[in-house]
Amino acid sequence: MEKIVRMQRLNKYFGQHHVLKDIDLSVEHGEVVVIIGASGSGKSTLIRCVNGLEEFESGELQVDQHPLEPKGGNQKNLSEIRKEVGMVFQQFNLFPHLSVKDNIMLAPRKVKSTDKAEADKVAMKLLDRVGIANQADKYPSQLSGGQQQRVAIARALAMEPRLMLFDEPTSALDPEMIGEVLDVMRELAKEGMTMMVVTHEMGFAREVADRVIYIDSGQIVEEGKPEAVFDNPQNERTQSFLSRVLKH
Amino acid sequence: MESGFTFDWSAAVGALPHLVKGIPYTLMISFGGLLIGFVIGIFMGLLSINKSRWLRWPATAYIEIFRGTPILVQVLFIFYGLPDLVGGPINALTAGIAAIALNSGAYISEVVRGGVQSIDKGQTEAGVSLGLSRSQTFWSVVWPQAFRRMIPPLGNQAIVSIKDTSLFSVIGVGELVRQGQIYIATTFTAFEVYFMVALLYLAITLTLSLLLRFVERRGLAST
């Protein structure tokens with residue numbers, strides 16, 4: 001199958017700190033890859049490299065056939081990549097000065113020059129899909145955290161991305177709102193969206209992931225089907241991590 | 001010894017028709033200067049946070065020079081000094097507007113810098129992740145939010161600049177203080193006249209304060 005993300009020997013440093021070490025990782029179309037690991041392990045940095053929010057020092061990265069060069073190299077493909085890759089953040093990062101609907105319409109209008117009526121229609125359809133069409137004219141600050149994150153997902157979907165990145169999408173939410181966001185993500189996965197998800201929600205990982213990747217100190221330590229990684233981890237670092245997080 | 005001084009209301013009120021002749025000058029210099037200062041401020045403020053240090057350096061130099069020297073010296077330099085350089089006299093009104101523009105521009109640069117830097121980095125990341133270019137992200141995501149935060153300090157600067165125009169009586173622009181001086185020269189009623197001059201400044205600045213409070217309330221209501 002065709003690969004949408006190809007990383008080879010990718011290395012990333014923050015100053016002296018070696019954050020990602022020789023990462024080899026491919027993602028196929030339609031695949032849901034969940035990345036787990038302790039905080040500071042480099043898992044967020046890894047997916048932030050995919051849409052160029054973080055530059056990397058060496059290695060190769062291709063996103064949907066577009067190569068992206070290491071720091072200092074040619075970044076001309078970056079804008080193409082970003083049009084095809086949607087991202088959802090831990091802190092939602094909705095635009096507080098725009099209404100919910102305008103948040104969703106902004107990129108289609110500016111980047112794709114979609115006309116207003118069409119962008120409006122798409123926005124309403126997406127809001128309906130994430131279950132909050134009745135909040136279209138409100139401002140983000142008037143919404144609950146779970147609702148805000150659902151708007152953020154709708155906003156990313158409005159660009160019709162070929163790949164969605166989720167960077168700890170439920171970590172900033174109150175426990176009772178986690179479910180509604182995971183439900184939307186589960187639906188997306190079912191519809192065939194290619195997804196890379198960094199999360200601490202092990203239940204979601206087990207249920208939705210096609211592949212789970214465990215990353216520790218910037219290295220991929222273990223990867224495989226969720227049953228394999230969760231029920232029969234081979235590496236002792238994975239075992240120790242899972243025994244800590246699955247206890248609760 | 002008793003001074004025997006009594007406030008002469010008729011002298012104060014009688015001065016008004018003469019003093020108000022200064023108001024158009026005061027307003028023209030302050031708001032003309034502030035308008036240009038705002039343009040300078042956006043430009044220099046954005047340069048001062050540019051990635052390239054060759055662009056940051058001139059902006060920082062400009063800000064430090066015009067913030068670090070008295071506006072009185074600046075206007076004297078422009079009015080009396082610059083003509084030597086440009087080879088012709090500079091109109092007092094022009095000199096006054098230029099001084100306010102350059103001086104307020106330096107302060108407004110800092111207001112712009114602070115406003116833009118106060119916006120969370122996640123906003124820019126969200127914008128570029130959606131495929132917006134850097135400049136689209138800046139002008140449609142960061143700037144509108146930053147500008148809203150800049151309104152109170154901009155209002156503050158406007159009030160400071162309005163009062164600064166009073167110094168320009170020294171180059172003979174017919175603004176409020178200058179009109180007062182002219183009037184006093186024939187009536188010798190300094191107390192009453194300067195009292196009225198102060199009241200007129202207060203009327204201008206209070207009007208502006210109220211206006212700003214109104215704008216702020218409406219602006220913040222939609223965030």
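**Exercise 1. A salt bridge within chain A**

Decide from its relative accessibility whether A:D216 is buried or exposed, and then find which residue A:D216 pairs with in a salt bridge.

*Solution.* At a relative accessibility of 15%, A:D216 counts as buried, where buried means under 20% relative accessible area, exposed over 50%, and partly exposed in between (1.4 Å probe, protein chains only). The model is a predicted one, in which local features need pLDDT of at least 70 and side-chain atom pairs count only at pLDDT 80 or more, while totals for chains, interfaces and linings use all residues. Residues are numbered from 1 along each chain as its sequence is written, chains are lettered from A and ligands numbered from 1 in the order in which they are written, and side-chain values use heavy atoms, with hydrogens and water left out.

The next step is the partner: A:D216 forms a salt bridge with A:R237, and the closest N and O atoms are 2.7 Å apart. A salt bridge here is a side-chain nitrogen of Lys or Arg within 4 Å of a carboxyl oxygen of Asp or Glu. The pair links distant parts of the chain, since A:D216 lies in strand β9 (residues 211-216) of chain A and A:R237 in helix α9 (residues 236-245) of chain A, 21 residues apart. Helices (H or I, at least four residues) and strands (E, at least two) are DSSP runs, numbered from the N terminus. With a relative accessibility of 35%, A:R237 counts as partly exposed.

**Exercise 2. A second pair in chain A**

Find which parts of chain A are tied together by the salt bridge between A:E191 and A:R129.

*Solution.* In this pair, the closest N and O atoms of A:E191 and A:R129 are 2.5 Å apart. A:E191 lies in the loop between α6 (175-190) and β8 (195-198) of chain A, whereas A:R129 lies in helix α4 (residues 116-129) of chain A, so the pair ties together parts that are 62 residues apart in sequence. Both partners have some access: A:E191 counts as partly exposed at 49% relative accessibility, and A:R129 counts as partly exposed at 43%. Over all chains, the structure holds 25 salt bridges.

**Exercise 3. Where chain A meets chain B**

Describe the contact between chain A and chain B by stating how many residues each chain gives and how many salt bridges cross it.

*Solution.* Begin with the residues: chain A gives 22 and chain B gives 19 to the contact, contact meaning heavy atoms within 4.5 Å. The area buried between the two chains is about 1,800 Å², with 60% of it coming from carbon and sulfur atoms; this is the accessible area (1.4 Å probe) that two parts lose on being put together, summed over both. Of the area that chain A buries against chain B, 31% is supplied by A:R82, A:F95 and A:H97, more than by any other three residues.

Then turn to the pairing: the count between chain A and chain B is one salt bridge, and in it the side chains of B:E125 and A:R48 meet at 2.7 Å, N to O. Four elements of chain A, namely α2 (78-84), β6 (85-88), α3 (100-111) and α5 (145-157), each supply at least two residues of the side that touches chain B, and the largest share, four residues, comes from α3(A).

**Exercise 4. Around the bridging residues**

Find which residues are joined to B:E125 in one network of salt bridges, and where in chain A the partner A:R48 lies.

*Solution.* Within chain B, B:E125 also forms a salt bridge with B:K121, the closest N and O atoms being 3.8 Å apart. B:E125 is buried, at 11% relative accessibility, whereas B:K121 is exposed, at 60%. Both lie in helix α6 (residues 121-129) of chain B, four residues apart, about one turn of the helix. Salt bridges that share partners join A:K12, A:R48, A:E54, B:K121 and B:E125 into one network.

On the other side, A:R48 is one of the buried residues of α1(A). Eight of the eight residues of this helix (residues 43-50) are buried, so α1 of chain A is largely enclosed by the rest of the structure.

Finally, A:D167, in strand β7 (residues 163-167) of chain A, is buried yet has no salt bridge, the nearest side chain of opposite charge being A:R48 at 4.8 Å. For charge, Lys and Arg count as positive and Asp and Glu as negative, while His and the chain ends are not counted.
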